[in-house]
Amino acid sequence: MKKQILEQIVEGYIPTMDEALMMMESDCIPLNELICAANMVTKKHCNSQVKMCAIHAAKVGRCSGDCAFCAQSAHHNCDVHIVKIGDVCSDDIVEHAKKLNEYGVERFSLVTSGERLNDLEFECILQIYQRLHNETGIGLCASLGSLDKKRAQALAECGVTRYHHNIETAPSFFPQICSTHSYADKLETIGIARAAGMQICSGGIISMGETPQQRIEMAYTLRKLNVDCVPINILNPIAGTRLEHHPLLSTDQILRTIAMFRLIMPDKILCFAGGRQNAMGKEEYAGYKAGINALIVGDFLTTQGKDLKEEIANLTALGCI
């Protein structure tokens, strides 16, 4: 019966919540069988090559949100270098985006801390996006917190085609992670960005203390939202945050979660994002067999990533790009 359901999923069947929970249990279906099924589903529904995207932190720190995992929260005492939007150089950003594109990076996003930019900050960001649109050939994403209709339309007119706004975790677990804004707030911004014609990039962080059932709940929530790209972050416990001493999931549990996200969302982009190096080490590359078909390359928001040439060499050796 268990083997039969994997065969059905590979043929196009979407598992029910109960079936997905059963597959999350390690003693029900061996991990290697689950990964094999997820790999077949990825090859059937998605481009065989792994897509690369990159982010640039245009504003860092002093966020009013109290998200338990975040080093940028003003509620935490973390050693974060503060960056204001006025400190960034648009020339440097444009040249960086050009160089990334030459290396095969398809999409580039500016990311800002805080729930909402003020008018002057937003206008500065729009000017940078206009230059990126006019002077580079890279696909443009944005991650700027909450939006209203006017701002969403302005971004779209500047060439931004995808908006990033994570739901962070399962709706049932969200109140334990953040109290300064709500899950409904997240959904409102996602709806506004979509109405402006932008694709939606939305995922979250695993290994924050959620149950296996809640990880499945998050996957089905994202499936219902019909997002285009799902970033999968793994908690990076940072000193000064509420989760600084939180134990991480095992590599097997992470891979099982990735595989289940693929089986639940067979045709979506699953993007390896922050925390993967710290949590998985060299085992990170097993994720590309388990359903991952995109990744963020280079540095993250407050943590350093791999050298781009090294990352590309590793992915090339695996036959991913």
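Tyr220 is buried in this predicted model, with a relative accessible area of 16%. Its place is in helix H9, which spans residues 212-225. Leaving aside residues up to four places away in sequence, Tyr220 touches Pro15, Thr16, Met17, Ala20 and Ile264. Another pair to look at is Tyr220 and Met265. These two are 45 residues apart along the chain, and their C-alpha atoms are separated by 8.2 Å.

Next, a second tyrosine. Tyr183 is in helix H8, residues 183-195. Tyr183 has 17% relative accessibility, so it counts as buried under the 20% limit. Which residues does Tyr183 touch, not counting those up to four places away in sequence? They are Ile167, Pro171, Phe174, Thr221 and Leu225. Thr221 and Leu225 fall within the range of helix H9, residues 212-225. Tyr183 and Gly287 are 104 residues apart along the chain, with 28 Å between their C-alpha atoms.

**Aromatic pairs**

How many aromatic pairs does a search of the whole structure find? The search finds three. One of them joins Phe272 and Tyr288. Their ring centres are 5.8 Å apart. Their planes stand at 85°, which is over 60°, so the pair is edge-to-face. Phe272 is in strand S8, residues 269-272, and Tyr288 is in helix H12, residues 287-290. The two residues are 16 apart, and the pair links distant parts of the chain. Phe272 is buried, at 0% relative accessible area. Tyr288 is also buried, at 8% relative accessibility. Phe272, Tyr288 and Tyr285 form one aromatic cluster.

Glu284 touches this cluster through Phe272. Its other contacts, not counting residues up to four places away in sequence, are Arg276, Gln277, Lys306 and Glu311. Glu284 is found in the loop between helix H11 (276-280) and H12. Is this loop residue buried or exposed? Glu284 is buried, with a relative accessible area of 0%.

A ring elsewhere has a charged partner. Arg151 lies over the face of Phe122, at 4.6 Å from the ring centre.

**Helices H4 and H5**

Two packed helices are described by the angle between their axes and the distance between the axes. Helix H4 covers residues 90-102 and helix H5 covers residues 119-135. They pack at an angle of about 40°. Their axes are 10 Å apart. The crossing of H4 past H5 is right-handed. On the H4 side, the contact is made by Ser90, Asp91, Ile93, Val94, Ala97 and Lys98. On the H5 side, it is made by Ile128, Arg131, Leu132 and Glu135. By class, the contact has five nonpolar, one polar and four charged residues.

**Positive phi**

Most residues other than glycine have a negative phi. Glu168 has a positive phi of about 80° although it is not a glycine. Ser207 likewise has a positive phi, near 80°. Where is Glu168 found? Glu168 is in the loop between strand S4 (160-164) and helix H7 (174-177). Ser207 is in the loop between strand S6 (204-206) and helix H9. Glu168 counts as buried, at 10% relative accessibility. Ser207 is buried too, with a relative accessible area of 2%.

**Accessibility**

The table collects some of the residues discussed, and adds Gly319.

| Residue | Relative accessible area | Class |
|---|---|---|
| Tyr220 | 16% | buried |
| Tyr183 | 17% | buried |
| Glu284 | 0% | buried |
| Glu168 | 10% | buried |
| Ser207 | 2% | buried |
| Gly319 | 56% | exposed |

Gly319 is exposed because its relative accessible area of 56% is over the 50% limit. The place of Gly319 is in the segment after helix H13 (308-317). Gly319 and Pro175 are 144 residues apart in sequence. Their C-alpha atoms are 41 Å apart in space.

Key
Residues numbered from 1 in each chain as written. Predicted model: local features only at pLDDT ≥ 70, side-chain atom pairs only at ≥ 80, totals over all residues. Heavy atoms only, no water. Axes fitted to C-alpha atoms, helices over the stretch in contact; angles between N-to-C directions. Helix = DSSP H or I, 4+ residues; strand = E, 2+ residues; numbered from the N terminus. Left-handed = near helix turned anticlockwise from the far one by under 90°. Contact = heavy atoms within 4.5 Å. Nonpolar A, V, L, I, M, F, W, Y, C, P; charged D, E, K, R; others polar. Phe/Tyr/Trp six-rings, centres within 6.5 Å; stacked < 30°, edge-to-face > 60°. Buried < 20%, exposed > 50% of the residue type's maximum accessible area, 1.4 Å probe, protein only. Lys NZ or Arg CZ within 6 Å of the ring centre and 35° of its normal.
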